[in-house]
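Welcome! Take a moment to turn the model around on your screen before reading on. We will start with one pair of strands and then widen the view.

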Amino acid sequence: MSVIPNANNQVDAGSIWHRWDPHIHAPGTVLNDQYTGADPWEDFLTKIEQSNPSIRAIGITDYYSVNCYEDVLKRKNAGRIKNVEFIFPNVELRLTNGVPGKSAINLHLLVSPDNPHHLAEIRRFLGNITFKTGDAIFRCEKNDLIRLGRYHGGPQLSEKSALEIGTNQFKVDFQNLITLIKEDTWAKENILLAVSGSSKDGTSSLQDKDSSFGATRKSIEKNCHIIFSSQPSQRKFWLGQGPASDQVLETEYNGRKPCIHGSDAHRLEMVGAVVEDRYTWIKGGLSFESLRQICLEPEHRVIVQKEAPIHGIDSHVITSFRADNAPWFQPSAIPLNAGLIAIIGARGSGKTALADLIALGGHAIQHQVSGASFINRAKDYLNETVVNLDWRVGESEKKRVADYHYDDIMNPERVQYLSQQFVERLCSSEGITDELMKEIERVIFSAHAAEEKLGHTDFAALLKARAELPCRKKADAQLLIQDASLAYQVENTKRSNLPQLKADAQKKQVMIGNDKTSRLNLVNQRQTATMQEYSDVALAFATVEKSLELAQKQEQSIKLLLQQITSARTSVFPNYTNKLKLEHFGVKLSDAEWLLFSVDFTGDVDTLLQQKLQKVKSDILRIRGNVPPAQPPFSTASFIPSGSQLTAQSYSLLNNELLRLKHFIGVDTENGKKYTLLTDKIQKAETDLAGLQAAILDAEGADQRIVQINNRRKDAYKEVFEALIEEQQILEELYRPLQANLSKQTGSLGKLSFVVQRTADINVWAEEGESLLDLRKNGSFRGKGELLRIAASLLKHVWENGSAMEVAEAHAKFLDKYRESFIEHCPIDSAQKDERRRWAKAISEWLYSTGHISISYGVQYEGVDIQQLSPGTRGIVLLLLYLAIDQEDVRPLIIDQPEENLDPKSIFEELVPLFRKAKLRRQIIIVTHNANLVVNTDADQVIVASRGAHRSGQLPILSYVSGGLEDRKIRQHVCGILEGGEVAFKERAKRLRVVL
């Protein structure tokens with residue numbers, strides 16, 4: 001049955017650091033009492049009261065006695081040493097087990113004062129310890145110690161001197177002592193054994209070359225709970241950080257041991273004073289339970305150094321929570337520990353309510369509220385409630401619960417809240433969410449030093465900046481592929497048209513011959529010579545007319561180029577420079593420096609083009625000539641001097657000569673019309689034939705140009721993959737700081753890795769290709785899926801893993817091998833030339849497409865992609881991110897039921913080590929039902945929630961008590977509420993023989 005707390009129980013911040021002096025002698029100590037002065041006790045008490053740092057717990061030490069402890073208690077009860085909240089007896093013994101010629105080994109019985117009869121019990125127990133010398137046996141009690149002193153020093157000794165000598169002579173056999181403790185129920189439950197670790201009066205003196213005392217030393221240390229030592233090397237040894245591993249300590253010494261240190265004061269100057277300010281700091285309540293707890297947690301519960309450890313950063317540690325205008329919340333204020341806080345309670349007891357309210361106060365609730373949250377379910381009763389958070393930096397914040405749904409841009413999230421709903425959304429079984437990847441990216445970004453972030457505030461912006469060059473390179477290469485593909489289509493069309501061009505040229509030649517014969521038949525035989533002369537002039541006229549046409553086109557082209565130059569200088573070039581300035585603002589150049597980037601042509605293009613324009617104008621005038629048009633009657637004499645080269649004559653002169661010859665041919669009117677038509681037809685046909693012959697010549701060079709185009713396209717294809725590989729390398733560089741950290745880790749962190757890889761979506765690529773093919777035809781790609789199989793076999797691996805050159809070579813071999821196969825599977829009939837050309841263009845664009853190649857990055861856990869993990873394992877990955885990897889985020893972290901979906905083994909192996917490390921650097925609050933998470937993480941504060949009876953129209957009373965695990969009442973709550981609570985405590989304590 002659950003243990004239900006009530007509002008009257010204690011509420012404190014749990015385990016916090018206090019200074020202890022567990023080994024201090026008071027005035028009147030039996031041996032070596034050097035306290036002097038008029039009132040040694042006044043001086044002693046004042047020195048403790050004025051201690052700095054203030055001593056909060058004291059172990060009053062005396063030899064075989066608790067008399068000094070009893071004297072201190074009386075003065076404490078009279079109102080002195082108010083700063084000291086806890087006092088316990090430390091009975092110092094000396095063992096028979098030692099090296100001859102050296103000081104006896106000092107052993108300390110640290111006794112719990114919790115039992116109201118503890119003084120009687122310790123005196124009873126001490127009385128059972130005996131010392132034999134000669135035939136006499138002496139018990140460890142005052143009268144026998146006096147008797148031993150007189151036995152050894154003579155009967156004339158005073159009581160004081162005899163007590164001193166008897167105490168010095170009395171030695172305890174360690175094995176007999178262990179037997180007495182085991183057989184005494186009270187002693188077993190209330191005494192912790194501590195032994196000095198020094199080389200003077202401790203176990204370090206039990207070592208010599210032949211190790212004859214090695215077994216004795218190990219036996220003593222194995223059966224002791226605590227080591228008295230201030231040496232850092234001793235602490236490292238007993239924590240398993242030295243020559244002896246954890247396993248060795250476990251098997252040979254009964255586990256790790258805490259090291260503590262006291263002033264061992266025998267005179268006033270030594271009270272609270274330790275060498276090199278090596279004070280003992282113990283984390284826990286001021287009670288004997290804290291000493292038991294340091295045996296369970298020797299590394300994190302106790303340390304010997306000048307100052308107390310400080311967990312977290314002041315501005316990121318919440319010191320208390322308060323709910324105003326909330327009579328249903330009792331008590332209204334709860335102090336909070338800087339370490340790990342566990343909120344426990346029965347289901348529906350108000351655990352998540354407290355977590356929600358703390359998160360709300362830290363501005364982290366806006367996006368966490370769902371139908372299942374306390375804030376949403378109880379919203380009708382929370383309109384007037386105000387939550388208050390006090391921060392260790394001295395700042396306080398208030399927030400109305402009713403305002404949770406307003407995004408407060410001016411107050412960013414001061415805590416990180418992993419509510420159940422948030423974790424379920426990030427780790428849903430439907431697949432990896434964008435939110436989870438954003439969290440992963442945020443952690444990756446935070447792993448970089450500030451100077452590596454280039455002033456950016458998130459991963460996406462940094463990646464974009466770092467990958468800008470390869471992305472541009474890839475885009476440029478893809479444009480080159482597009483241009484090359486278009487050029488290939490043009491050349492391929494020319495090549496395919498070559499047979500038709502040759503056939504058309506042949507037909508055109510035959511037609512010209514026939515037309516010339518028909519034209520010849522239109523004139524008389526006597527006119528044949530004149531006809532031949534006409535034909536020669538007509539042919540020369542056509543040639544000169546073509547030259548005139550070309551010169552006029554050249555003139556127009558020069559004028560257009562001059563216009564474009566002007567436009568470039570007034571618009572294009574300035575815009576390009578302005579674009580550079582905008583895109584590279586971070587270069588921080590002055591306007592004068594940007595002038596150096598002004599763009600212009602490298603030479604004097606204006607003079608060049610003006611010279612060209614003047615020449616072509618001159619050529620036009622020369623070719624055209626300035627001969628006026630001839631008018632009838634025509635002379636029998638030619639306009640062209642005899643023997644002149646016809647093509648060297650001007651256009652106007654040749655035109656006049658044609659008019660003259662046409663007049664003297666002497667055909668009738670009807671034949672004259674036919675003659676003129678035939679002549680025009682022949683001239684046009686000859687022009688067309690010249691064009692066909694030029695096209696044939698051009699088409700005959702297509703094969704060579706196609707080879708060049710394919711080489712350019714192959715090079716551009718290679719450049720795309722060079723850019724992709726550069727982008728991949730940049731991503732790997734972004735992951736490298738975090739990956740380097742992970743590679744050194746073991747356990748859960750060692751299972752986590754970040755991967756960057758090229759991914760080829762071969763299915764999408766093959767599906768697009770198959771949509772362009774007729775898979776019913778016989779050929780290499782017959783049947784759906786065959787193209788996918790071939791591509792997967794020949795291309796997928798190299799696409800994802802090959803170098804840029806390997807990709808280009810593999811792609812080229814694939815094309816060479818299957819080029820004809822694609823044509824075989826063309827779904828367009830060869831007669832449909834236009835449709836077939838469009839198909840060829842589509843196939844070419846698809847074959848050289850790279851959209852299916854991407855750079856993917858993600859997380860693997862034990863070699864499995866996060867997408868393939870179960871929601872529970874994704875939860876582990878998420879906690880790894882927040883608890884271990886995200887070293888930059890030091891905000892308080894609130895997690896609602898981190899054990900959800902995890903088996904007990906995973907909780908112990910995965911979560912416990914994470915929480916133990918993370919709580920040293922950031923404040924953590926968990927809501928949990930699992931005792932292992934509370935006990936094995938050594939929660940610094942346990943808050944126990946309970947709910948009162950249902951109240952009509954009101955919220956039930958939510959009550960909270962809190963404290964540390966060293967608090968017996970808190971442990972009772974843990975054992976009563978959490979399944980396996982008692983088992984968890986017993987498993988933790990049994991090997992250390994610590995009674996909890």
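Let's begin with a single pairing: Ile-895 has Ile-926 of strand 23 as its bridge partner. Please keep in mind that this is a predicted model.

**Strand 23 and its neighbours**

Strand 22 (residues 893–896) and strand 23 run parallel and are joined by four bridges. Strand 15 (residues 340–345) also runs parallel to strand 23, again with four bridges. In that pairing, Leu-340 is matched with Ile-924 of strand 23. Are the faces of strand 23 covered or uncovered? Both faces of this strand, residues 924–927, are covered. Ile-924 and Ile-926 are buried on one side, while Ile-925 and Val-927 are buried on the other.

**The whole chain**

Now zoom out. The chain has 996 residues, and 48% of them are buried. It contains 33 helices and 25 strands. Taking contacts between residues at least 6 apart in sequence, 74% join residues that are at least 24 apart.

**A sheet of nine strands**

One open sheet has nine strands in the order 9-8-7-4-3-2-1-10-11, and its pairing is mixed. Which strands stand at the edges? They are strand 9 (259–260) and strand 11 (302–305); each has a single partner strand, so one side of each is left without a neighbour in the sheet. Strand 9 pairs with strand 8 (residues 226–228) in the parallel sense, over two bridges. Within this pairing, Ile-227 has Cys-259 of strand 9 as its bridge partner.

Strand 7 of this sheet also meets a helix. The buried residues of helix 8 pack against strand 7 (191–196), as well as helix 6 (174–183), helix 9 (232–238) and helix 10 (246–253). Those buried residues of helix 8 (residues 214–223) are Arg-217, Ile-220, Glu-221 and Asn-223.

**Two pockets**

Next, look for the open spaces. The largest pocket holds about 770 Å³ of space. It is lined by 30 residues, and the closest to its centre are His-23, Ser-196, Ser-198, Asp-201 and Asp-264. Strand 3 (86–94) and strand 4 (106–111) each give at least two residues to this lining.

The second largest pocket has a volume of about 650 Å³. Among its 24 lining residues, Tyr-488, Asn-492, Ile-823, Trp-839 and Ala-840 are the closest to the centre. Helix 17 (468–521), helix 27 (804–824) and helix 28 (833–847) are the elements that give two or more residues to the lining of this pocket. Helix 28 provides the largest share, with eight residues.

Here is the lining of each pocket by class:

| Pocket | Nonpolar | Polar | Charged |
|---|---|---|---|
| Largest pocket | eight residues | 16 residues | six residues |
| Second largest pocket | 10 residues | seven residues | seven residues |

**A close look at Ser-320**

Finally, find Ser-320 in strand 12 (residues 318–324). Is Ser-320 buried or exposed? With a relative accessible area of 16%, Ser-320 is buried, because the cut-off for buried is under 20%. Leaving aside residues up to four places away in sequence, Ser-320 touches Ile-334, Pro-335, Leu-336, Asn-388, Leu-389 and Asp-390. With Asp-390 there is also a polar contact of 2.8 Å, which joins the side chains of the two residues.

Conventions: Residues are numbered from 1 along each chain as its sequence is written. This is a predicted model: local features need pLDDT of at least 70, side-chain atom pairs count only at pLDDT 80 or more; totals for chains, interfaces and linings use all residues. Side-chain values use heavy atoms; hydrogens and water are left out. Buried means under 20% relative accessible area, exposed over 50%, partly exposed in between (1.4 Å probe, protein chains only). Contact means heavy atoms within 4.5 Å. On a 1 Å grid over the protein atoms alone, a cavity is a set of points where a 1.4 Å probe fits but cannot get out, and a pocket is an open set with protein on both sides within 12 Å along at least five of seven lines; lining residues have an atom within 4 Å of a point. Grid points are joined across faces, edges and corners, and a volume is the space filled by probe spheres set on the points. Ala, Val, Leu, Ile, Met, Phe, Trp, Tyr, Cys and Pro count as nonpolar, Asp, Glu, Lys and Arg as charged, and the others, Gly among them, as polar. Two strands pair if DSSP finds at least two bridges between them. A polar contact is a pair of N or O atoms within 3.5 Å; within protein, one must be able to donate a hydrogen and the other to accept it, and residues adjacent in sequence count only if both atoms are side-chain atoms.
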